[in-house]
Amino acid sequence: TIFQAKQGELTALQVKAVHAEMSHQINVRNNEADKPSAYIPAPSLSTVNRRFNESVSIFERDVDRLGIKAAERKHKTTSSRPSAEFPGAIYEFDDLDTKVFAIDERTGLPWGRPFITYGVDTDPDFPVGLSIGKERRSAVSAAAALVHSIGPKSAVVGSDGKVYQWRGGGYPCIAIFDNALYNNERIVSLNVDLFDVGWTRSRTPTEKDRVEYLNRQTMAFLRTLEGWRGPKGDPDAIKAGMATALFSMERLRLVHLNWLIGTYIHEPMGDGFTRDQKYQACHQLSFRGPLPADVRRLRMLKMRRFAGTSTWTRSGVHVIGLTYQDEDLYRYWINRAGGSLKVHVSIDDDDIGQILIDIPGTDLTLELPCLQQDYARGLTLYQHQLIRKLCYERKIHHPSLVEMYTARHDLCVMLQQWRESGKVRERCKAARAGDIVDAKGTVILEAAHDAEIGCDQIDSVEMGQDDVGWQDPIPA
């Protein structure tokens, strides 16, 4: 129905028009059905709205509403971007759907398609970093590609058996990201002072033509692999891609790196030089040496920053249902009874064992470990979210440590069932969650620790001498 709206067969390219047409078609089919079991339920307006936003871009809506010329004028850039005159001047970033189904190594069943986010140095047209994973393209993948582009890389063994060095790296002067809203929110919240940040306008691929060219070359390579999805919207091609899926996530990553570092950067360009040769020549002629990567700053770039502020009290910082505290740091920064401080909290998506807090009015960032360290060590944020969601479904809105351990054990059983499920959505959730260590045996040992944390929270309550709790009892 959305495709019909794009073709102009409906009254307008709007959510309500699509919902009305879908409801009409379903009602006609239900009236022709012989059995009540063959009835098709009509989708809700919120479902249609979500699918509409996923399939129709803002530019397409403006074309339907304003016309093609007015839409092109609205979305066309009005200023020229600075050109790159030396290596490391401008890095371009863009995400890409691989359209290749990957399989689970345990079951051999396809779970979905990985996503790639590239980083390209525009002056020598050289790929300096990437991010490939099971998660859908998001601000996290954009930040991971940025960190990988700055830091050093490991050597890659090509398909011919040779060892190739990936020389790309260093801090850029300008980083150009896609114009997605999640990138805007993510990069702005980082408070980055390492380089300037810019975004491209929608429907203007010429603003990041180097990374767009790499995307096209990558799609030409991925089209030759087993598990290729085929044309968009063709259900038979999707079924054929799932049936021929052969690569696991790790193997697909290695095959892609072998092509990128072993073949792509060593192919001759129009001037006869390869991208690797031009990258080395540009760095030899440039007086600007690459700065060494700051591990601490790179780690902060990958972390997720919570909106708003949290309160740091004597009992600690309470976020995502866990408590983080360092007694020595608390006594140094808040050395008063009942003292508290508003702080900004950042957390690593791959490990919730610690958080970073920003002290207001300073440039200092402190690290606070989780008090429930046995539970949080090695646990990802997505896994913890699944555990808390399981508690909420059981009407436990404020789960204790024992209840989260129990939900963690149950989640391990559910993940095994999801990996063997007939639904691709459940297999995708299991692949994204990964492996969770079952720690049910430590529930009894952690119960005392859970009670101790509760006592500490009670001890942190401060009362004045005029409160009822301080008054002497009345003698009999």
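These legends accompany an overview and several close-up views of a predicted model.

**View 1. The whole protein chain of the predicted model.**
The protein chain holds 18 helices and 16 strands. It runs to 476 residues, and 42% of them are buried. Consider contacts between residues at least 6 apart in sequence: 61% of these join residues at least 24 apart. The exposed surface of the protein chain comes to about 26600 Å². Carbon and sulfur atoms supply 53% of that area.

**View 2. S149 in helix α6.**
Helix α6 spans residues 139–150, and S149 lies within it. The relative accessibility of S149 is 0%. S149 therefore counts as buried, the cut-off being under 20%. Leaving aside residues up to four places away in sequence, S149 touches Y91, F93, G119, V128, G129, G169 and G170. Four glycines are named in that list: G119, G129, G169 and G170. Two aromatic residues, Y91 and F93, also touch S149, as does V128.

**View 3. K99 in the loop between β1 and β2.**
Strand β1 covers 90–97 and strand β2 covers 102–103; K99 sits in the loop between them. Its backbone stands out for its phi, which is near 60°. That value is positive, in a residue other than glycine. At 26% relative accessibility, K99 counts as partly exposed, because this class lies between the 20% and 50% limits.

**View 4. D125 in the loop between β4 and β5.**
The loop that holds D125 follows β4 (115–121) and leads to β5 (126–133). D125 is not a glycine, yet its phi is positive, at about 55°. The relative accessible area of D125 is 10%. D125 is therefore buried, since the limit is under 20%. So the two positive-phi views show a partly exposed K99 and a buried D125.

**View 5. Cysteines C370 and C391.**
C370 has a relative accessibility of 4% and so counts as buried. C391, at 1%, is buried as well. A disulfide is a covalent bond between the sulfur atoms of two cysteines. A search of the whole structure finds zero disulfides. This view thus shows two buried cysteines, C370 and C391, in a model with zero disulfides.

Terms used: Residues numbered from 1 in each chain as written. Predicted model: local features only at pLDDT ≥ 70, side-chain atom pairs only at ≥ 80, totals over all residues. Heavy atoms only, no water. Helix = DSSP H or I, 4+ residues; strand = E, 2+ residues; numbered from the N terminus. Buried < 20%, exposed > 50% of the residue type's maximum accessible area, 1.4 Å probe, protein only. Contact = heavy atoms within 4.5 Å. Areas by Shrake-Rupley, 256 points an atom, 1.4 Å probe, with all protein chains shown as cover. Disulfide = S-S within 2.5 Å.
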